[in-house]
Amino acid sequence: MSRAAKEFQTWYFEEPEFFDGPPVLRIETDEACNVSVVTPLVPKGLNDAETNETLKALLARLLSRIQPKRLIAWYYTPMALRFTHELEPDGCVYDNMDELSAFVGAPGDIADWERRLLDKCDVVYVGGRSLYEAKRNRHPNIHVYPSSVDVAHFRVARTMRDAPEDQALIPHPRMGFFGVIDERMDLDIVAGVAALRPQWQLVMVGPTAKIDPSRLPLAPNIHWLGCKSYESLPRYLAGWDVGFMPFALNEATRFISPTKTPEFLAAGVPLVSTPIADVVEPYGKAGLVEIARTAEQFVERAEYLLRRPKGPWLRMVDAHLSGMSWDSTWAGMAGHLNSISHRGMEARRV
C-alpha cells in the first residue's frame, strides 16, 4: 500500500469497531507512507444486515468527501462485498492472499461472496503458486504474486547485537518463530521439539488468535513472548540460531505462502519448516529451507543447521532474494492495472 500511495491516493477501509455512539469514521493518515486508515465506528447491538447498511452509508460518506475522479476498489476479502456490491468503481481488484474459506470461523457464505467478487473484478492477484493453481480457471485475468520481502529491514539482523530485554537472558541455542499463533500451528511439534531437546530454547513471538491460549504447550524452554512490532522483529531474529515454522498440515495451510519465509532468510536465520507446498517449492528444492514433518525430523534438521557453515548458504539466499522486492511486486501489479484500458486505469486515486 505504501508503494501504491506513491502513485494513488490510498484509503484503507478497515473492519468495523463497535462502540456506544452514532456511526462515524475515524481516519488516521500515516504521513510517512501517505496511506489513510479508515476505521468505521458502528453502534453496538446492530444485526448483520443493519451493520452492512451502516457500513455502506459510511463508505458513501467517505466517497462524497474525497470525490475521486476515478475509483479503484481493491478487495482483500470477498466479505466486504456485502456493503459494496452496489459500488461501481472504474476498476476492481481482488487481492487473494489466502484461502479464507478454510480458516476457523470463516463465514458460511464466503464462497458465494467470492464467486460474486470474481464476477465483478477486473484483475485477481493470488499470494502463492498453489493458490494460483487452484483458482487459475476461475478468472481470465489472474496473476500470482508470492510474498515479497523488505530485505533492507530484515538484513540488519545479521549484524545486530542489541538484544531485546525479554530475550536477552534466554540461553542459546534458540529456535525462533514469529507470526500469528492460531489453528495453523502444529502445537504437538512445538511440544515435541521442546521435550526432545530441553537444552534448546523455543522463542515464540506473536499474538494468539482463534485458539484457546490454555492449549499452548508450557515448558521451561518454551518462551511465549507475545506480539511485537514489525520494527522490532530484526532485533529478535538477530538472536536466533535457527528459525522454526511448525505449520500444521490442514485445510487452513493448504494454500498459504508464508511471508515470513523470505524474511527469515533475509535476516540470515537458517530455517526448518513443515512441508507447506509454497515453502517446498521453491525454497526447499533450492536448498534454502530444510523440510521436516515430525518433531524428531525438526530436531535432526536443526542440528544439521547448527553445524553447517552459513557463508555458502547466505550467498544462495541473497541471490534468490535479489528479485523479490516489494518494489518489483508493485511494479508488476501496477502494470496489470494499467493494462485494463476499458476501465480507465489512468485513475489518480485508489
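The following is a conversation about the sheets, helices and cysteines of a predicted model.

Visitor: How do you know that Cys92 is in no disulfide with Cys121?
Guide: A disulfide needs two cysteine sulfur atoms within 2.5 Å. The closest cysteine sulfur to that of Cys92 is in Cys121, 5.3 Å away, so the pair is too far apart for a bond. By this rule the model has 0 disulfides.

Visitor: And what about Cys227, where is its nearest cysteine sulfur?
Guide: That sulfur belongs to Cys33 and is 18 Å away, and Cys227 is in no disulfide.

Visitor: Which word fits Cys92, buried or exposed?
Guide: Buried means under 20% relative accessible area. Cys92 has 1%, so Cys92 is buried.

Visitor: Why is Cys227 called exposed?
Guide: Exposed means over 50%. The relative accessible area of Cys227 is 57%, and therefore Cys227 counts as exposed.

Visitor: Where is Thr84, and what does Thr84 touch?
Guide: Thr84 sits in the loop between β5 (72–75) and β6 (91–96). Leaving aside residues up to four places away in sequence, Thr84 touches Leu59, Tyr75 and Lys120.

Visitor: Is Thr84 buried or exposed?
Guide: The relative accessible area of Thr84 is 6%. The limit for buried is under 20%, so Thr84 is buried.

Visitor: In what order do the strands of the sheet with β5 stand?
Guide: This is an open sheet of 4 strands in the order β5-β6-β7-β8, and the pairing is parallel.

Visitor: What makes β5 and β8 edge strands?
Guide: Each has a single partner strand, so one side of β5 and one side of β8 (142–144) is left without a neighbour in the sheet. On average, neighbouring strands here are turned by 20° against each other, direction ignored.

Visitor: How do you know that β7 and β8 pair?
Guide: Pairing requires at least two bridges. Strand β7 (residues 123–126) and β8 have 3 bridges, in the parallel sense, so they pair. Val126 has Val144 in β8 as its bridge partner.

Visitor: Which helices lie on this sheet?
Guide: Among them are α2 and α12. Helix α2 (residues 110–120) lies across β5, β6 and β7, at about 135° to β6. Helix α12 (residues 326–339) touches β5, β6, β7 and β8, and its direction makes about 160° with that of β7.

Visitor: What is the strand order in the sheet with β12?
Guide: 6 strands form an open sheet in the order β11-β10-β9-β12-β13-β14, with parallel pairing. Its edge strands are β11 (222–226) and β14 (290–291), since each pairs on one side only.

Visitor: How many bridges join β12 to β13?
Guide: Strand β12 (residues 242–245) and strand β13 (residues 271–273) run parallel and are joined by 3 bridges. Phe244 stands opposite Val272 in β13.

Visitor: Which strands does α10 touch?
Guide: Helix α10 (residues 295–307) packs on the sheet and touches β9 (174–178), β12, β13 and β14. The direction of α10 makes about 165° with that of β13.

Visitor: Why is α6 called oblique to α10?
Guide: Helix α6 (residues 187–196) packs against α10 at about 55°, with the axes 8 Å apart. Roughly parallel would need an angle under 35 degrees, and roughly perpendicular runs from 65 to 115. The angle falls between those ranges, so α6 is oblique to α10. The crossing is right-handed.

Visitor: Which residues make that contact?
Guide: From α6 they are Ile189, Gly192, Val193 and Leu196, and from α10 they are Ala295, Glu296, Phe298 and Val299.

Methods: Residues are numbered from 1 along each chain as its sequence is written. This is a predicted model: local features need pLDDT of at least 70, side-chain atom pairs count only at pLDDT 80 or more; totals for chains, interfaces and linings use all residues. Side-chain values use heavy atoms; hydrogens and water are left out. Buried means under 20% relative accessible area, exposed over 50%, partly exposed in between (1.4 Å probe, protein chains only). Helices (H or I, at least four residues) and strands (E, at least two) are DSSP runs, numbered from the N terminus. Contact means heavy atoms within 4.5 Å. Axes are lines fitted to C-alpha atoms, for helices over the stretch in contact, and angles run from 0 to 180 degrees between N-to-C directions. Angles under 35 degrees count as roughly parallel, over 145 as roughly antiparallel, 65 to 115 as roughly perpendicular and the rest as oblique. A crossing is left-handed if the near helix is turned anticlockwise from the far one by less than a right angle, and right-handed if clockwise.
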